[in-house]
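Biologist: Could you take me through one part of this model up close? I'd like to hear how a single sheet is put together, strand by strand.

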Amino acid sequence: NLRMAYKTDIVIIGAGQAGLSSAYHLQKSGLKAGSNFLLLDKSPNAGGAWQYRWPSLTLSTVNRIHDLPGMTFSDVLEPEVSEVKASVAVPHYYAAYEKKFQLPVYRPVNVSVVCERNDRFRIETDRETFTVRGIINATGTWETPVIPHYTGAELFKGQQLHTRDYQAAEAFAGKHVIIVGGGISALQLLDEISQVTTTTWVTRSEPQFRETPFSEEDGRAAVAIVEDRVRRGLIPGSVVSVTGIPLTPALRAARDRGALNRLPMFSEITETGIRWADGTEQRADVILWCTGFRSSLDHLAPLQIREANGGIIMGGRLATQVMKDPRIHLVGYGPSASTIGANRAGAAAAKELSAYLKLD
Ligand code: FAD
């Protein structure tokens, strides 16, 4: 490749909450946009994965979106507005944020692969190539939906889709929908869909509902468990598996309607529906896989940062630093996979990486 690579010290891959927080902190420490750092994002607009969220997810139905450092959400949005779509409000906020701090975000630029070359990293994209000394990876999970394999999946004549593809419950009116999964998204979609049509809900393990909302202490305890896992090089695991699912008023109403009658996982998929191990069948028109996401890290594969079990041994103050190669930080990964975690991880990664590269 004879083309010149663009040279800078640090590239932040991904401009969602985690990438923007990292950029804010790099800039605040005195590093210069362009010569010291820049951001690459494959999405067409500001907003990270929020720009793709389904329309019924509003500011009142999300768990909570924490303000980015240095500028509050209410600076761009009236605080009493809660019914605004998250897919509109958050991109609006992030765009204003990028502008206010003049963050150098290049988009749409898809990072296809990162490899090592002469003590630097070479970042290949669908546009320019970049050569850098350090990487803050903030690519989230939206690009890598997980659908477990079940025998017969390819035979099913109905529609199969993932949380990522969901738009509106009305699309399923008159159809029987199987909803797979026990996380927060599964329950939100089950609630919506069961109001317009018949549903069957299946999960691998018995869902653990809790009568009380999360306290800050519960949140900290859950994050501590995930942090401990990644420090030991284990796959992070989902936070719901640690905290259980709080029964919101909407979920209580769904339970009272009989929509939360959970069945165990089926053993196979047929042409017309699903079949359990005991031979019982359920006809279905749609299978909606609310089976989660995994971290979008495939572009880092040549760097071989994974252990044999698929996990990555993490270190540093908030477990954002890749121990096998401290020039790489993962933010929004594991314990920082929340808006507040992403904020904090961005601060820690910016500080530790600048120090390691002697840029501070
Ligand atoms: P993202 O917002 O996913 O940003 C990643 C960015 O990286 C994207 O813009 C993407 O285009 C880009 N990218 C990915 N791959 C590449 C590549 N190869 N090259 C270039 N760019 C790339 N958290 C909360 O705290 N509160 C909530 O209420 C909440 N609700 C949620 C609801 C849903 C349905 C889901 C799925 C998650 C929710 N979360 C919530 C978790 C939430 O995703 C995180 O908190 C946070 O927004 C993730 O930020 P991020 O910066 O890590 O990733």
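Modeller: Sure, terms to begin with: two strands pair if DSSP finds at least two bridges between them, and helices (H or I, at least four residues) and strands (E, at least two) are DSSP runs, numbered from the N terminus. This is a predicted model, where local features need pLDDT of at least 70, side-chain atom pairs count only at pLDDT 80 or more, and totals for chains, interfaces and linings use all residues. Residues are numbered from 1 along each chain as its sequence is written, and side-chain values use heavy atoms, with hydrogens and water left out. On pLDDT (the predictor's confidence in each residue, from 0 to 100), the protein chain averages 94, and 98% of the residues score at least 70.

Now the sheet: five strands, open, parallel pairing, in the order β9-β18-β10-β11-β14. The edges belong to β9 (159–162) and β14 (262–264); each has a single partner strand, so one side of each lacks a neighbour in the sheet.

Let's zoom in on β11. With β10 (residues 177–180), strand β11 (residues 199–203) pairs in the parallel sense over four bridges. Among the partners, V177 is matched with T199, and I179 with W201. On to β14: β11 pairs with β14 over three bridges, again in the parallel sense, and V202 has L263 as its bridge partner there. Four of the five residues of β11 are buried (under 20% relative accessible area, 1.4 Å probe, protein chains only), so β11 is largely enclosed by the rest of the structure.

Notes:
Buried means under 20% relative accessible area, exposed over 50%, partly exposed in between (1.4 Å probe, protein chains only).
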